[in-house]
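Dear colleague,

Please find below the structure I am passing on to you. A summary of what was found in it follows.

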Amino acid sequence: MTYFAKGIQKTQLKRDRKAALLVSFRAGLCEPTHGMTKQEAITMLSQDIADYNEILARLRVHSDR
């Protein structure tokens, strides 16, 4: 497995965990910690997922070379 393939795999796993947590918050299955409101947690997770998507796109460009 190449360096970029490993990076893609690890980043995708982190992104998927954040996405699962976001679904749980939206469904009311769990509550945010650290004094955040539900909306703050949803906003933060949505931004994290968008950031991971950008990272994955850049890693995939490098791994296709």
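**Nonpolar core**

The largest nonpolar core consists of 7 residues: Ala19, Leu22, Phe25, Ala41, Ile42, Leu45 and Ile49. Helices H1 and H2 each supply at least two residues of this core, and H2 gives the most, with 4 residues. Please bear in mind that the model is a predicted one.

One member of the core, Ile42, may serve as a starting point for your inspection. Leaving aside residues up to four places away in sequence, Ile42 touches Leu22, Phe25 and Arg26. Of these contacts, Leu22 and Phe25 also belong to the core.

**Salt bridges**

In general, side chains of opposite charge can pair when their charged atoms come close. How many salt bridges does the count give? The count comes to 2 salt bridges.

One salt bridge joins the side chains of Asp48 and Lys18, with an N to O distance of 2.9 Å. This pair links distant parts of the chain, as Asp48 lies in helix H2 (residues 38-63) and Lys18 in helix H1 (residues 3-27), 30 residues apart. Lys18 counts as partly exposed because its relative accessibility of 24% falls between the limits of 20% and 50%.

Another salt bridge is formed by the side chains of Asp16 and Arg15, with 3.7 Å from N to O. Asp16 has a relative accessible area of 38% and is therefore partly exposed.

To summarise, H1 and H2 both contribute to the core, and the Asp48 and Lys18 pair links the two helices as well.

Yours sincerely

Key. Residues are numbered from 1 along each chain as its sequence is written. This is a predicted model: local features need pLDDT of at least 70, side-chain atom pairs count only at pLDDT 80 or more; totals for chains, interfaces and linings use all residues. Side-chain values use heavy atoms; hydrogens and water are left out. A salt bridge is a side-chain nitrogen of Lys or Arg within 4 Å of a carboxyl oxygen of Asp or Glu. Buried means under 20% relative accessible area, exposed over 50%, partly exposed in between (1.4 Å probe, protein chains only). A nonpolar core is a set of buried Ala, Val, Leu, Ile, Met, Phe, Trp, Tyr and Cys residues joined through side-chain atoms within 4.5 Å. Contact means heavy atoms within 4.5 Å.
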